[in-house]
Amino acid sequence: MVLLVGAGWLLLLGIDSAYRTHRLNTYGVRAPATVLEVHGLQRDSYVVASFTTADGHHVVTRVSDYYWRPRPRVGDAATVVYDPASPDAIVRDVRMGGDYRTAWLGVGGEPGSVDVQGGSEAPAGWPRGLSSSG
């Protein structure tokens with residue numbers, strides 16, 4: 001039963017990721033952004049960034065799909081791609097690419113690897129051993 005629930009959860013994550021990727025690949029608009037906050041929490045890492053949409057709206061939002069090499073810092077300039085229909089909710093760092101299939105592996109941008117002891121190794125774009133910072 002637990003396996004079935006887990007598979008269902010992964011299916012929902014994959015569908016959500018595919019939808020967001022489709023929206024960004026089809027309707028996405030690039031914008032320069034500024035990093036306002038950095039939260040390095042292993043798999044739940046994100047930045048808070050601000051940008052202005054093409055129609056002039058100022059957006060401040062959490063960006064979970066953010067590339068972590070080099071580690072972002074407050075004040076960094078970035079380029080994001082956002083969905084004009086939902087710029088505060090569907091947004092990612094352009095360096096993350098547009099591959100929704102990685103959601104099936106439970107990762108946010110680059111597939112991870114598993115070592116021979118069975119432990120996970122963080123993917124190349126992820127922070128390693130970071131604590132929350134601001």
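Q: Is aspartate 83 buried or exposed in this predicted model, and at what relative accessibility?
A: In this predicted model, the burial of a residue is judged by its relative accessible area, and a residue counts as buried when that value is under 20%. Aspartate 83 falls under this cut-off and therefore counts as buried, its relative accessibility being 1%.

Q: Which side chain meets that of aspartate 83 in a salt bridge?
A: Side chains of opposite charge can pair when their charged atoms come close. For aspartate 83 the N to O distance in the salt bridge is 2.6 Å, and the partner is arginine 23.

Q: How many residues apart in sequence are the parts that arginine 23 and aspartate 83 tie together?
A: Arginine 23 belongs to helix H1, which covers residues 2–27, whereas aspartate 83 sits in the loop between strand S4 (77–82) and strand S5 (91–93). The arginine, like its partner, counts as buried, with arginine 23 at 17% relative accessibility and aspartate 83 at 1%. Because one residue lies in the helix and the other in that loop, the pair ties together parts whose separation in sequence is 60 residues.

Q: With which residue does aspartate 93 form a salt bridge?
A: The count of salt bridges in the model comes to two, and one of them involves aspartate 93, which is buried at 1% relative accessibility. Its partner is partly exposed, with a relative accessible area of 42%. The closest N and O atoms of this pair are 2.6 Å apart, and the residue that aspartate 93 meets is arginine 95.

Q: In what order do the five strands of the open sheet lie?
A: Strands of a sheet pair through backbone hydrogen bonds, either parallel or antiparallel. Here the pairing is antiparallel, and the edge strands, each paired on one side only, are S3 (58–63) and S5. Neighbouring strands are turned against each other by 40° on average, direction ignored. The order of the strands in this open sheet is S3-S2-S1-S4-S5.

Q: Which residue in S4 is the bridge partner of valine 29?
A: S1 and S4 run antiparallel and are joined by six bridges, while three bridges join S4 to S5, again in the antiparallel sense. Between S4 and S5, valine 81 stands opposite arginine 92. For valine 29, the bridge partner in S4 is tyrosine 82.

Q: Which residue in the turn of the hairpin formed by S1 and S2 has a positive phi?
A: S1 and S2 (residues 46–52) pair in the antiparallel sense over six bridges, and histidine 39 stands opposite tyrosine 46 in S2. The hairpin leaves six residues between the two strands, and the turn residue with a positive phi, of about 65°, is glutamine 42.

Q: With the side chain of which residue does the side chain of histidine 39 make a polar contact?
A: Histidine 39 lies in strand S1 and is buried, with a relative accessible area of 14%. The polar contact made by its side chain has a distance of 2.8 Å, and the side chain on the other end belongs to glutamate 37.

Q: How far apart in space are valine 38 and arginine 62, C-alpha to C-alpha?
A: Valine 38 is found in strand S1, which covers residues 29–39, and this valine counts as buried at 3% relative accessibility. In sequence, valine 38 and arginine 62 are 24 residues apart, whereas in space their C-alpha to C-alpha distance is 9.7 Å.

How values were computed:
Residues numbered from 1 in each chain as written. Predicted model: local features only at pLDDT ≥ 70, side-chain atom pairs only at ≥ 80, totals over all residues. Heavy atoms only, no water. Salt bridge = Lys/Arg side-chain N within 4 Å of Asp/Glu carboxyl O. Helix = DSSP H or I, 4+ residues; strand = E, 2+ residues; numbered from the N terminus. Buried < 20%, exposed > 50% of the residue type's maximum accessible area, 1.4 Å probe, protein only. Pairing = 2+ DSSP bridges. Axes fitted to C-alpha atoms, helices over the stretch in contact; angles between N-to-C directions. Polar contact = N/O pair within 3.5 Å; in protein donor to acceptor, adjacent residues only side chain to side chain.
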